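Good morning, colleagues. Please turn to the sequence and structure now being shown, and I shall take you through a strand and its pairing before moving on to the nonpolar cores.

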Amino acid sequence: MINSAEQKKRLAVLFGGASSEHEVSLMSATSILENLDREKYEIFMIGITKKGKWLLYTGPVSSLRDGSWEKPEYTAPAFLSPDPTVHGLLLLKKEGAEVLRLDCVFPALHGKNGEDGTVQGLLQLSGIPYVGCNTLSSAVCMDKAVTHTLLSAANIEQAHYLWFYADRFDAAPDTIKSKIEARLSFPVFVKPANAGSSVGVSKVERREDLDAAIRKAAAEDFKIVVEEGIVGQEVECAVLGNREADASPVGEIGASAVFYDYDDKYVNGTSQLFIPARLEPEIAEKIRQTAVRAYRWLGCSGLARVDFFVTEGDHRVVLNEINTLPGFTSISMYPKLWMEAGMSYSELLDRLIALALQKKAAQG
């Protein structure tokens, strides 16, 4: 008979989602599912369609990438219950609902309805331990305008920026464009405040191109952030832990596009990644220290990837953004940085699940 301490953990992996980053999630979840140790975990695959429908998926992992996982023969309606006495999934059958109790949830979700605190709030209500940041820190880090404001209070250097609501631009476009010109120097980056994977982001070299860039960002979110372009190396650092957190070696991105955009990250695979980054040791160490400081300041737990620029000439360390559920694809920087530190992909997943269980135990 198997000792209770040796029983497999019942783990649900959430993927898909009603988000512009639905396809990225499918790629991340595929890599996660391919690297989870089946000797340690009994795995439940829960897919969320673009329309927000929750489905228990029982087919091959290989069908996730192209979206063919949604076939009826492999799926059944199922969803997380917010009732902590259920502590798991409700699987809907013709004869009624079946409870699938869970020990932990790994939300392999990106963007809105995935890493913005919405799913985290549901998981908090459910009482089930889950991988990643809590509701507040997820929401804070997702909103670039809020993140900028809080990091400014911590005196962490960032690019000069401003933000505004999209409807204010509709009402007074010339006023907004004049403010951008007065406060920032071109080129600037126009971004939706709440989106990831560079979705809706544009590099703008002149005032005449602001309209199209702002409209593109507004299609993703009602709040727009405009940041002054930084000339320098684009580097990233992975952070892992709860109250006590560790920083990985620093990685550098040699983007093959005008900037490190969605296609460069997930489609083309033509960007060069330098791990470790081509930096002086003291600069790399400053990045690592700043990454952990920002992580703690924003209340993160489990994991985050913190992105920086190192400016040309004076080598200033400028924080770009923090991602609470970074990509986990086979070419993603977060797992690659921990591999550089000597941790395998499977060991990293084990560590993240252990951190989720520890956090829940500490909360009581």
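How many bridges join β9 to strand β11, and in which direction do they run? Five bridges join these strands, and they run antiparallel. I should say at once that this is a predicted model.

Within that pairing, Val190 of β9 stands opposite Val226 in β11. Strand β9 also pairs with β10, residues 202-204, through three bridges, again in an antiparallel arrangement. There, Val204 of β10 is the bridge partner of Val188.

Is β9 largely enclosed or open? Because five of the five residues in this strand, which spans 188-192, are buried, β9 is largely enclosed by the rest of the structure. The burial applies to both faces: Val188, Val190 and Pro192 lie on one side, with Phe189 and Lys191 on the other.

I turn now to the cores. In soluble globular proteins, nonpolar side chains tend to be buried together. The largest nonpolar core here has 37 residues, and the members touching the most others are Leu36, Phe106 and Phe328. Elements giving two or more residues to this core include β1 (9-16), α1 (22-35), β12 (232-241) and α11 (345-363). Helix α11 supplies the largest share, seven residues.

Consider Phe328 more closely. Beyond its neighbours within four places in sequence, Phe328 is in contact with ten residues' worth of surroundings that include Ser28, Ser31, Ile32, Leu303, Tyr345 and Leu352. Apart from this largest core lies another, of 30 residues, among them Cys133, Leu298, Phe308 and Leu319.

Definitions and conventions: Residues are numbered from 1 along each chain as its sequence is written. This is a predicted model: local features need pLDDT of at least 70, side-chain atom pairs count only at pLDDT 80 or more; totals for chains, interfaces and linings use all residues. Side-chain values use heavy atoms; hydrogens and water are left out. A nonpolar core is a set of buried Ala, Val, Leu, Ile, Met, Phe, Trp, Tyr and Cys residues joined through side-chain atoms within 4.5 Å. Buried means under 20% relative accessible area, exposed over 50%, partly exposed in between (1.4 Å probe, protein chains only). Helices (H or I, at least four residues) and strands (E, at least two) are DSSP runs, numbered from the N terminus. Contact means heavy atoms within 4.5 Å. Two strands pair if DSSP finds at least two bridges between them.
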